Number of protein chains: 2
Amino acid sequence: MDRELLKQIVDRYEAANFLVNRRLNAMIRELMPEELTIDQFATLRYLRMNEKSTSSELADIFCVGKSSITAIITRLFDKSLLVRIPDDKDRRVTYLALTEEGKRMCDMMEEKIHTLLSKFITQFDEQEALSFIHTFEKLAARLMQGEEYRDENHTEV
Amino acid sequence: MDRELLKQIVDRYEAANFLVNRRLNAMIRELMPEELTIDQFATLRYLRMNEKSTSSELADIFCVGKSSITAIITRLFDKSLLVRIPDDKDRRVTYLALTEEGKRMCDMMEEKIHTLLSKFITQFDEQEALSFIHTFEKLAARLMQGEEYRDENHTEV
DNA sequence: GTAGAATAGTTTAATAATAGAACTATATCA
DNA sequence: TGATATAGTTCTATTATTAAACTATTCTAC
(Lines give C-alpha, C1' and ligand atoms only; values in the text may rest on other atoms or scores of the structure.)
Protein backbone atom coordinates (compact mmCIF):
# COMPACT_ATOMS: atom_id res chain seq x y z
CA MET A 1 0.00 0.00 0.00
CA ASP A 2 1.47 3.31 -0.98
CA ARG A 3 2.56 5.75 1.68
CA GLU A 4 0.22 8.56 0.74
CA LEU A 5 -2.79 6.29 0.48
CA LEU A 6 -2.01 4.78 3.85
CA LYS A 7 -1.89 8.22 5.42
CA GLN A 8 -5.26 9.04 3.90
CA ILE A 9 -6.81 5.85 5.16
CA VAL A 10 -5.49 6.39 8.65
CA ASP A 11 -6.81 9.96 8.68
CA ARG A 12 -10.18 8.87 7.43
CA TYR A 13 -10.33 6.10 10.01
CA GLU A 14 -9.53 8.51 12.82
CA ALA A 15 -12.17 10.96 11.69
CA ALA A 16 -14.92 8.39 11.14
CA ASN A 17 -14.13 6.62 14.38
CA PHE A 18 -14.29 9.84 16.34
CA LEU A 19 -17.63 10.83 14.86
CA VAL A 20 -19.23 7.43 15.18
CA ASN A 21 -18.17 6.92 18.76
CA ARG A 22 -19.11 10.36 20.00
CA ARG A 23 -22.52 10.24 18.31
CA LEU A 24 -23.37 6.68 19.23
CA ASN A 25 -22.28 7.23 22.79
CA ALA A 26 -24.47 10.29 23.02
CA MET A 27 -27.45 8.43 21.62
CA ILE A 28 -26.93 5.47 23.90
CA ARG A 29 -26.48 7.72 26.92
CA GLU A 30 -29.95 9.03 26.25
CA LEU A 31 -31.44 5.58 26.33
CA MET A 32 -29.91 4.87 29.71
CA PRO A 33 -32.07 4.96 32.81
CA GLU A 34 -31.18 7.71 35.23
CA GLU A 35 -29.27 5.41 37.54
CA LEU A 36 -26.94 3.75 35.04
CA THR A 37 -23.89 5.06 33.20
CA ILE A 38 -22.51 3.68 29.95
CA ASP A 39 -19.49 2.15 31.67
CA GLN A 40 -21.70 0.55 34.26
CA PHE A 41 -23.86 -0.90 31.54
CA ALA A 42 -20.81 -2.18 29.66
CA THR A 43 -19.82 -3.97 32.86
CA LEU A 44 -23.26 -5.48 33.28
CA ARG A 45 -23.26 -6.61 29.68
CA TYR A 46 -19.89 -8.27 30.01
CA LEU A 47 -21.04 -10.10 33.13
CA ARG A 48 -24.27 -11.07 31.42
CA MET A 49 -22.29 -12.83 28.71
CA ASN A 50 -19.54 -14.10 30.98
CA GLU A 51 -20.98 -15.56 34.13
CA LYS A 52 -18.61 -15.61 37.08
CA SER A 53 -15.78 -13.48 35.88
CA THR A 54 -13.59 -11.53 38.26
CA SER A 55 -12.35 -7.99 38.80
CA SER A 56 -8.98 -8.87 37.33
CA GLU A 57 -10.56 -10.26 34.20
CA LEU A 58 -12.67 -7.14 33.80
CA ALA A 59 -9.62 -4.93 34.27
CA ASP A 60 -7.88 -6.83 31.49
CA ILE A 61 -10.81 -6.74 29.10
CA PHE A 62 -11.65 -3.11 29.78
CA CYS A 63 -7.99 -2.08 29.70
CA VAL A 64 -8.10 -0.25 33.01
CA GLY A 65 -6.60 -0.72 36.45
CA LYS A 66 -8.22 -2.94 39.01
CA SER A 67 -9.04 -0.05 41.31
CA SER A 68 -11.18 1.36 38.55
CA ILE A 69 -13.14 -1.87 38.38
CA THR A 70 -13.56 -1.97 42.13
CA ALA A 71 -15.23 1.43 41.97
CA ILE A 72 -17.66 0.44 39.23
CA ILE A 73 -18.46 -2.90 40.85
CA THR A 74 -19.13 -1.18 44.16
CA ARG A 75 -21.61 1.17 42.51
CA LEU A 76 -23.39 -1.70 40.78
CA PHE A 77 -23.43 -3.64 44.03
CA ASP A 78 -24.92 -0.67 45.85
CA LYS A 79 -27.69 -0.66 43.25
CA SER A 80 -28.26 -4.39 43.84
CA LEU A 81 -27.43 -5.18 40.23
CA LEU A 82 -24.72 -7.71 41.08
CA VAL A 83 -23.26 -9.75 43.91
CA ARG A 84 -19.75 -10.78 44.93
CA ILE A 85 -19.25 -14.50 45.31
CA PRO A 86 -16.06 -15.61 47.05
CA ASP A 87 -14.29 -18.59 45.53
CA ASP A 88 -13.80 -21.24 48.17
CA LYS A 89 -10.84 -22.85 46.48
CA ASP A 90 -8.78 -19.68 46.22
CA ARG A 91 -9.93 -17.22 48.80
CA ARG A 92 -8.23 -14.28 47.10
CA VAL A 93 -10.68 -14.59 44.24
CA THR A 94 -14.14 -13.03 44.10
CA TYR A 95 -16.53 -13.92 41.31
CA LEU A 96 -19.06 -11.43 40.10
CA ALA A 97 -22.59 -12.37 39.13
CA LEU A 98 -25.62 -10.34 38.13
CA THR A 99 -28.71 -10.39 40.30
CA GLU A 100 -32.06 -11.00 38.66
CA GLU A 101 -32.59 -7.27 38.63
CA GLY A 102 -29.17 -6.82 37.04
CA LYS A 103 -30.10 -9.24 34.30
CA ARG A 104 -33.43 -7.57 33.71
CA MET A 105 -31.83 -4.15 33.54
CA CYS A 106 -29.14 -5.40 31.18
CA ASP A 107 -31.59 -7.12 28.85
CA MET A 108 -33.84 -4.10 28.78
CA MET A 109 -30.97 -1.83 27.78
CA GLU A 110 -29.57 -4.33 25.32
CA GLU A 111 -32.94 -4.38 23.62
CA LYS A 112 -33.11 -0.60 23.37
CA ILE A 113 -29.60 -0.34 21.98
CA HIS A 114 -30.38 -3.05 19.49
CA THR A 115 -33.34 -1.10 18.22
CA LEU A 116 -31.19 1.99 17.88
CA LEU A 117 -28.35 0.29 16.05
CA SER A 118 -30.74 -1.61 13.83
CA LYS A 119 -32.04 1.65 12.45
CA PHE A 120 -28.62 2.45 11.12
CA ILE A 121 -27.48 -0.99 10.09
CA THR A 122 -30.57 -1.72 8.04
CA GLN A 123 -29.61 1.23 5.86
CA PHE A 124 -26.79 -0.87 4.44
CA ASP A 125 -27.28 -3.80 2.17
CA GLU A 126 -26.60 -7.17 3.64
CA GLN A 127 -23.36 -7.81 1.81
CA GLU A 128 -21.87 -4.46 2.72
CA ALA A 129 -22.79 -4.87 6.37
CA LEU A 130 -21.28 -8.33 6.49
CA SER A 131 -18.03 -7.26 4.83
CA PHE A 132 -17.74 -4.33 7.17
CA ILE A 133 -18.27 -6.44 10.27
CA HIS A 134 -15.87 -9.04 9.00
CA THR A 135 -13.07 -6.51 8.61
CA PHE A 136 -13.93 -4.88 11.93
CA GLU A 137 -13.61 -8.22 13.66
CA LYS A 138 -10.29 -8.90 12.01
CA LEU A 139 -9.08 -5.55 13.28
CA ALA A 140 -10.31 -6.40 16.76
CA ALA A 141 -8.52 -9.74 16.64
CA ARG A 142 -5.26 -8.11 15.61
CA LEU A 143 -5.51 -5.58 18.38
CA MET A 144 -5.97 -8.42 20.82
CA GLN A 145 -2.77 -10.01 19.65
CA GLY A 146 -0.33 -7.11 19.83
CA GLU A 147 -0.73 -7.06 23.54
CA GLU A 148 2.80 -6.00 24.48
CA TYR A 149 1.21 -2.77 25.58
CA ARG A 150 -0.20 -4.16 28.80
CA ASP A 151 1.67 -4.75 32.06
CA GLU A 152 3.58 -1.80 33.45
CA ASN A 153 0.51 0.14 32.46
CA HIS A 154 -2.90 -0.91 33.53
CA THR A 155 -1.76 -3.20 36.26
CA GLU A 156 -0.53 -1.66 39.44
CA VAL A 157 3.11 -2.59 40.13
CA MET B 1 -32.28 -8.21 5.83
CA ASP B 2 -33.71 -11.00 7.92
CA ARG B 3 -34.40 -10.42 11.57
CA GLU B 4 -32.03 -13.03 12.95
CA LEU B 5 -29.16 -11.96 10.74
CA LEU B 6 -29.69 -8.35 11.74
CA LYS B 7 -29.49 -9.29 15.39
CA GLN B 8 -26.26 -11.13 14.78
CA ILE B 9 -24.72 -8.23 12.94
CA VAL B 10 -25.67 -5.79 15.66
CA ASP B 11 -24.20 -8.08 18.31
CA ARG B 12 -21.02 -8.51 16.38
CA TYR B 13 -20.77 -4.78 15.81
CA GLU B 14 -21.17 -4.07 19.51
CA ALA B 15 -18.54 -6.60 20.47
CA ALA B 16 -15.98 -5.56 17.87
CA ASN B 17 -16.53 -1.88 18.58
CA PHE B 18 -16.03 -2.39 22.28
CA LEU B 19 -12.82 -4.31 21.82
CA VAL B 20 -11.34 -2.00 19.22
CA ASN B 21 -12.08 1.15 21.16
CA ARG B 22 -10.89 -0.08 24.49
CA ARG B 23 -7.65 -1.46 23.05
CA LEU B 24 -6.88 1.44 20.78
CA ASN B 25 -7.60 3.92 23.52
CA ALA B 26 -5.26 2.09 25.84
CA MET B 27 -2.52 2.03 23.24
CA ILE B 28 -2.95 5.69 22.41
CA ARG B 29 -3.01 6.64 26.08
CA GLU B 30 0.44 5.15 26.37
CA LEU B 31 1.77 7.30 23.58
CA MET B 32 0.54 10.46 25.28
CA PRO B 33 2.98 12.69 27.06
CA GLU B 34 2.47 12.89 30.79
CA GLU B 35 0.69 16.24 30.62
CA LEU B 36 -1.96 15.41 28.00
CA THR B 37 -5.10 13.30 28.17
CA ILE B 38 -6.84 11.72 25.20
CA ASP B 39 -9.76 14.12 25.36
CA GLN B 40 -7.39 17.06 25.52
CA PHE B 41 -5.56 15.74 22.50
CA ALA B 42 -8.82 15.24 20.62
CA THR B 43 -9.59 18.89 21.31
CA LEU B 44 -6.19 20.01 20.07
CA ARG B 45 -6.59 17.90 16.95
CA TYR B 46 -9.98 19.37 16.17
CA LEU B 47 -8.64 22.89 16.58
CA ARG B 48 -5.62 22.02 14.47
CA MET B 49 -7.91 21.12 11.59
CA ASN B 50 -10.50 23.80 12.28
CA GLU B 51 -8.82 27.11 12.98
CA LYS B 52 -10.90 29.54 14.99
CA SER B 53 -13.73 27.40 16.15
CA THR B 54 -15.62 28.12 19.35
CA SER B 55 -16.64 26.38 22.56
CA SER B 56 -20.17 25.94 21.27
CA GLU B 57 -18.94 24.31 18.10
CA LEU B 58 -16.74 21.94 20.09
CA ALA B 59 -19.63 21.06 22.39
CA ASP B 60 -21.72 20.17 19.33
CA ILE B 61 -19.01 18.12 17.66
CA PHE B 62 -17.96 16.33 20.84
CA CYS B 63 -21.57 15.79 21.92
CA VAL B 64 -21.06 17.22 25.41
CA GLY B 65 -22.26 20.28 27.27
CA LYS B 66 -20.49 23.59 26.97
CA SER B 67 -19.32 23.57 30.55
CA SER B 68 -17.41 20.41 29.78
CA ILE B 69 -15.61 22.19 26.98
CA THR B 70 -14.86 25.17 29.19
CA ALA B 71 -13.07 22.84 31.60
CA ILE B 72 -10.94 21.22 28.90
CA ILE B 73 -10.15 24.52 27.22
CA THR B 74 -9.08 26.00 30.54
CA ARG B 75 -6.66 23.12 31.12
CA LEU B 76 -5.19 23.48 27.65
CA PHE B 77 -4.93 27.23 28.14
CA ASP B 78 -3.14 26.72 31.46
CA LYS B 79 -0.63 24.55 29.60
CA SER B 80 -0.17 27.32 27.01
CA LEU B 81 -1.38 25.05 24.22
CA LEU B 82 -4.10 27.41 23.04
CA VAL B 83 -5.39 30.96 23.36
CA ARG B 84 -8.83 32.55 23.50
CA ILE B 85 -9.46 35.23 20.90
CA PRO B 86 -12.52 37.41 21.42
CA ASP B 87 -14.55 38.20 18.35
CA ASP B 88 -14.92 41.92 17.97
CA LYS B 89 -18.10 41.74 15.97
CA ASP B 90 -20.03 39.64 18.46
CA ARG B 91 -18.55 40.07 21.87
CA ARG B 92 -20.23 36.97 23.25
CA VAL B 93 -18.09 34.81 20.99
CA THR B 94 -14.59 33.58 21.78
CA TYR B 95 -12.52 31.87 19.13
CA LEU B 96 -9.99 29.24 20.06
CA ALA B 97 -6.62 28.91 18.41
CA LEU B 98 -3.61 26.71 19.08
CA THR B 99 -0.33 28.29 20.10
CA GLU B 100 2.81 27.25 18.29
CA GLU B 101 3.51 24.87 21.12
CA GLY B 102 -0.02 23.51 20.81
CA LYS B 103 0.53 22.85 17.13
CA ARG B 104 3.87 21.18 17.75
CA MET B 105 2.41 18.98 20.45
CA CYS B 106 -0.55 18.06 18.27
CA ASP B 107 1.59 17.21 15.25
CA MET B 108 3.94 15.15 17.34
CA MET B 109 1.09 13.08 18.77
CA GLU B 110 -0.65 12.79 15.42
CA GLU B 111 2.54 11.37 14.00
CA LYS B 112 2.85 8.79 16.78
CA ILE B 113 -0.75 7.71 16.45
CA HIS B 114 -0.34 7.44 12.72
CA THR B 115 2.57 5.11 13.16
CA LEU B 116 0.56 2.98 15.55
CA LEU B 117 -2.53 2.76 13.36
CA SER B 118 -0.46 2.11 10.27
CA LYS B 119 0.86 -1.07 11.83
CA PHE B 120 -2.65 -2.44 11.94
CA ILE B 121 -4.03 -1.02 8.75
CA THR B 122 -1.18 -2.31 6.60
CA GLN B 123 -2.20 -5.80 7.62
CA PHE B 124 -5.24 -5.46 5.37
CA ASP B 125 -5.11 -5.39 1.65
CA GLU B 126 -5.80 -2.10 0.01
CA GLN B 127 -9.22 -2.98 -1.32
CA GLU B 128 -10.46 -4.33 1.97
CA ALA B 129 -9.21 -1.26 3.85
CA LEU B 130 -10.88 1.07 1.39
CA SER B 131 -14.21 -0.74 1.50
CA PHE B 132 -14.13 -0.75 5.26
CA ILE B 133 -13.41 2.95 5.49
CA HIS B 134 -16.05 3.71 2.92
CA THR B 135 -18.74 1.94 4.92
CA PHE B 136 -17.49 3.45 8.15
CA GLU B 137 -17.81 6.93 6.67
CA LYS B 138 -21.29 6.20 5.43
CA LEU B 139 -22.23 5.14 8.94
CA ALA B 140 -20.71 8.34 10.32
CA ALA B 141 -22.65 10.41 7.82
CA ARG B 142 -25.91 8.74 8.77
CA LEU B 143 -25.29 9.28 12.43
CA MET B 144 -24.73 12.96 11.70
CA GLN B 145 -28.11 13.18 10.03
CA GLY B 146 -30.36 11.59 12.63
CA GLU B 147 -29.59 14.45 14.97
CA GLU B 148 -32.95 14.66 16.72
CA TYR B 149 -31.09 13.49 19.77
CA ARG B 150 -29.44 16.80 20.53
CA ASP B 151 -31.01 19.81 22.26
CA GLU B 152 -32.64 19.15 25.60
CA ASN B 153 -29.60 17.05 26.24
CA HIS B 154 -26.16 18.41 25.70
CA THR B 155 -27.12 22.03 25.73
CA GLU B 156 -27.97 23.62 29.01
CA VAL B 157 -31.47 25.01 28.51
C1' DG C 1 -35.96 52.09 20.82
C1' DT C 2 -36.89 49.20 24.33
C1' DA C 3 -38.35 44.93 26.79
C1' DG C 4 -38.06 40.15 26.56
C1' DA C 5 -36.00 36.19 24.50
C1' DA C 6 -32.10 33.92 22.77
C1' DT C 7 -27.14 32.93 22.62
C1' DA C 8 -22.05 32.39 24.17
C1' DG C 9 -19.52 31.28 27.57
C1' DT C 10 -18.24 30.73 32.64
C1' DT C 11 -18.83 29.23 37.37
C1' DT C 12 -20.15 26.09 40.84
C1' DA C 13 -21.32 21.77 42.88
C1' DA C 14 -21.84 17.01 42.42
C1' DT C 15 -20.81 12.46 40.35
C1' DA C 16 -18.14 9.00 37.77
C1' DA C 17 -14.02 6.97 35.84
C1' DT C 18 -9.50 6.73 36.17
C1' DA C 19 -4.38 6.07 37.81
C1' DG C 20 -1.20 4.94 41.16
C1' DA C 21 0.44 3.77 45.53
C1' DA C 22 -0.09 1.50 49.75
C1' DC C 23 -2.32 -2.10 51.84
C1' DT C 24 -4.55 -6.95 53.31
C1' DA C 25 -5.12 -11.51 52.62
C1' DT C 26 -4.09 -15.55 50.38
C1' DA C 27 -1.48 -18.73 47.51
C1' DT C 28 2.71 -20.45 45.21
C1' DC C 29 7.30 -21.75 44.94
C1' DA C 30 12.02 -22.70 45.73
C1' DT D 1 9.17 -22.12 55.79
C1' DG D 2 10.28 -17.65 53.98
C1' DA D 3 10.18 -14.89 49.84
C1' DT D 4 7.46 -13.70 46.13
C1' DA D 5 3.37 -13.33 43.41
C1' DT D 6 -1.58 -12.57 42.93
C1' DA D 7 -6.53 -10.80 43.93
C1' DG D 8 -8.79 -7.36 45.44
C1' DT D 9 -9.63 -3.00 48.27
C1' DT D 10 -8.70 1.59 50.03
C1' DC D 11 -7.13 6.15 49.56
C1' DT D 12 -5.87 10.35 47.19
C1' DA D 13 -5.82 13.18 43.36
C1' DT D 14 -7.09 14.35 38.59
C1' DT D 15 -10.15 14.63 34.69
C1' DA D 16 -14.51 14.62 32.25
C1' DT D 17 -18.96 15.18 32.72
C1' DT D 18 -23.90 17.22 33.84
C1' DA D 19 -27.07 20.51 35.45
C1' DA D 20 -28.24 24.76 37.12
C1' DA D 21 -27.38 29.46 37.98
C1' DC D 22 -25.14 33.25 36.30
C1' DT D 23 -22.98 37.33 33.20
C1' DA D 24 -22.71 39.60 29.23
C1' DT D 25 -24.03 40.25 24.95
C1' DT D 26 -27.16 40.28 20.73
C1' DC D 27 -31.53 39.71 18.44
C1' DT D 28 -36.37 40.49 17.82
C1' DA D 29 -41.02 41.93 18.03
C1' DC D 30 -43.75 45.32 19.22
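Me: What makes the approach of Q40(A) to a phosphate oxygen of DNA strand C a polar contact?

Reply: In this predicted model, local features need pLDDT of at least 70 and side-chain atom pairs count only at pLDDT 80 or more, while totals for chains, interfaces and linings use all residues. Residues are numbered from 1 along each chain as its sequence is written, chains are lettered from A and ligands numbered from 1 in the order of writing, and side-chain values use heavy atoms, with hydrogens and water left out. A polar side-chain atom of Q40(A) lies 3.4 Å from a phosphate oxygen of DNA strand C, and a polar contact is a pair of N or O atoms within 3.5 Å (within protein, one must be able to donate a hydrogen and the other to accept it, and residues adjacent in sequence count only if both atoms are side-chain atoms). The 3.4 Å of Q40(A) is therefore inside the cut-off. R22(B) also has a polar side-chain atom 3.4 Å from a phosphate oxygen of the strand, and for R91(A) the value is 2.9 Å.

Me: How do you know which residues belong to the surface near DNA strand C?

Reply: A residue is near the strand if one of its heavy atoms lies within 4 Å of it, and 29 residues are found around DNA strand C, of which T37(A), G65(A), R75(A), S56(B) and K66(B) come nearest. Of the strand atoms that come within 4 Å of the protein, sugar and phosphate account for 67%. The largest share of this surface, five residues, comes from α4(A), where helices are DSSP runs of H or I with at least four residues and strands are runs of E with at least two, numbered from the N terminus.

Me: Why is the pair E137(A) and R12(B) called a salt bridge?

Reply: The term requires a side-chain nitrogen of Lys or Arg within 4 Å of a carboxyl oxygen of Asp or Glu. The side chains of E137(A) and R12(B) meet at 2.7 Å, N to O, so the pair satisfies the rule. The count between chain B and chain A is eight salt bridges. On the side of chain B that touches chain A, α1(B) supplies the largest share, 22 residues.

Me: What makes T43(A) buried or exposed?

Reply: Buried means under 20% relative accessible area, exposed over 50%, and partly exposed in between (1.4 Å probe, protein chains only). T43(A), in helix α2 of chain A, has a relative accessibility of 2% and therefore counts as buried. Leaving aside neighbours within four places in sequence, T43(A) is in contact (heavy atoms within 4.5 Å) with L58(A), F62(A), I72(A), I73(A) and L76(A).

Me: Why is K52(B) called partly exposed, and what is the value of its phi?

Reply: K52(B) has a relative accessible area of 46%, and because this lies between the two limits, the residue is partly exposed. Phi of K52(B) is near 60°, a positive value in a residue other than glycine, whereas most residues other than glycine have a negative phi. K52(B) lies in the loop between α2 and β1 (53-54) of chain B.

Me: How do you know where S80(B) stands on the accessibility scale?

Reply: With a relative accessible area of 40%, S80(B) also falls between the limits and is therefore partly exposed. S80(B) is found in the loop between α4 and β2 (82-86) of chain B, and its phi too is near 60°.
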